[in-house]
Amino acid sequence: MGLRGKLGLIFLLVSALAILVLCVAVYTQAQSARLDRTRSFADERLQLAAQSYDQTEIPVFGSKVDDPELPAQLRSAVLEGKRATFKTGSPNSKMWAAVTVKDGKILSIVQDYETTDDSMRALQQALIVGGLGTVGLVALVSVILAGGLSKRIVAVASTARRIAAGDLDASATEAVGKGKDEVSSLAAALDTMASSLRGQLEAERRFTADVAHDLRTPVTGLTTAAELLPPGRPSELVRDRAKVLRRLVEDLLEIARFDSGVEQADLELVGLGAFVGSAVARLRMQQSLAPDSVVVQLNGKDETVSTDSRRIERILANLIVNGLRHGRPPIEVTVTGRIVEVVDHGNGYPEELIAEGPRRFRSGMAERGVGHGLGLTIAAGHAKVLGAELTFGTAPDGGALARLVLPALESDA
């Protein structure tokens, strides 16, 4: 049961209990008033009968002298010098009234007392109909009020999901409308959090772009200077580290372009299976990889997709290099329709990466090796530009699994 149903049920139960208590109180008060009227009527008749008996010694108004059926409790009270009334219990309730007259005799009057008559039955019916009608009205109002509150909370939750998906401009305050209740406070707090997060991300993006641009010129000079060093082991180490630093700067520049939102895909029709095979072959040559270190398998027919082949090749290269660096060969690349899967035989991706996706400057757990965490981030950036879905998981045998799902052609969608 959702919040709307729970709140409506709570309102309904509380109101129904309150209406029930009120109806019982009204009916009880009516019974008590009716009993008081009956006592007063019996007492008035008794007084008139007693005055007449004292004068004429003749019982009137149906009164009796020393009635043997007089209840013992009433007899005791009258013998103490009191004029009293007494109602016997059900069934066949009767109202008695008695008083002492001359010669010490007891004069009494008795009349039937029905616990329910036409007026009480009408009152019962009115209370039942009115109570049920009120409960129904309260139920309707409760559902409307609970629905309004639930709708506003759902709007806040929907805004939170939009923010989590990357839409940091989403406003929870606009979604719930104006107000000064707790929901409005929650929406304002969510907007404040989104604003703070937006500022932090923007600062991180500016830092990444500034660092990449500031390092590009000196790193280019360092690489050029390293090529001029005389042959030897120290020179090889310097050139190798200079190349690593240059790749890092290039990766940072690429991420900065993703952050700026200016990247666009150059779409073309590509036979996915054949292209993946040729891209892996080129990667083997560039990285001087053994033929069995990366294995390509095509399941079914080669499907044609509309995509940017350069970005597909970049994604594949980053996924395969990540698997070779942090996992264990062979790296298995499987193409099935529009789906490309890259599997290594290492310890698998960390749970945090699987749940949240890759993040820059965070390589995961120690078992996956060291690094800056940029390769998978860049792969995810290219997939986003392509409108593709790149997810990370665990292969059936426990290795790391990356799955790239490309969008279908418009004619096939």
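Me: Which elements of the protein chain have the lowest and the highest mean pLDDT?
Reply: This is a predicted model, where local features need pLDDT (the predictor's confidence in each residue, from 0 to 100) of at least 70, side-chain atom pairs count only at pLDDT 80 or more, and totals for chains, interfaces and linings use all residues. Residues are numbered from 1 along each chain as its sequence is written, and side-chain values use heavy atoms, with hydrogens and water left out. Helices (H or I, at least four residues) and strands (E, at least two) are DSSP runs, numbered from the N terminus. Among the elements, the lowest mean belongs to helix α6 (residues 233-260) at 75, and the highest, 92, to strand β9 (residues 339-343).

Me: Over which residues is the pLDDT below 50?
Reply: The protein chain averages 81, and 91% of the residues score at least 70. One stretch has a pLDDT below 50, with 25 contacts (heavy atoms within 4.5 Å) beyond near neighbours in sequence. Where pLDDT is low, don't read the predicted coordinates in detail. The stretch to watch is residues 364-372.

Me: Which strands stand at the edges of the open sheet of 4 strands?
Reply: The order is β1-β4-β3-β2, with antiparallel pairing; strands pair if DSSP finds at least two bridges between them. An edge strand has a single partner, so one side of it is left without a neighbour in the sheet. That applies to β1 (64-65) and β2 (84-87).

Me: And which residue of β4 stands opposite V65?
Reply: Strand β4 covers residues 106-112 and runs antiparallel to β1, with 2 bridges joining them. Across from V65 you'll find L107.

Me: At about what angle does helix α2 run to β3?
Reply: Helix α2 (residues 72-79) lies across β2, β3 (94-100) and β4. Axes are lines fitted to C-alpha atoms, for helices over the stretch in contact, and angles run from 0 to 180 degrees between N-to-C directions. For α2 and β3, that comes to about 25°.

Me: Why does the aromatic pair tie together separate parts, and how many residues apart are they in sequence?
Reply: A search of the whole structure finds 1 aromatic pair (Phe, Tyr or Trp rings, Trp by its six-membered ring, with centres within 6.5 Å; planes under 30 degrees apart are stacked, over 60 edge-to-face, the rest tilted). Y349 and F392 sit edge-to-face, 5.2 Å centre to centre with 85° between the planes. Both are buried (under 20% relative accessible area; exposed is over 50%, partly exposed in between, with a 1.4 Å probe and protein chains only). Y349 is in the loop between β9 and α9 (351-356) and F392 in strand β10 (residues 389-394), so the pair links parts that are apart in sequence by 43 residues.

Me: Which residue in β7 is the bridge partner of V270?
Reply: Strand β5 (residues 268-271) runs antiparallel to β7, joined by 4 bridges. Side chains alternate along β7 (residues 304-307): V305 and T307 point to one face and are buried, while T304 and S306 point to the other and are not. The partner of V270 is V305.

Me: Which residue does a cis peptide bond join to P329?
Reply: Omega of that bond is about 5°. The partner lies in the loop between α8 (309-326) and β8 (331-336). It's P330.

Me: Phi of E57 is near what value?
Reply: E57 is in the loop between α1 (3-56) and β1, and counts as partly exposed at 45% relative accessibility. Its phi is positive, in a residue other than glycine: near 55°.
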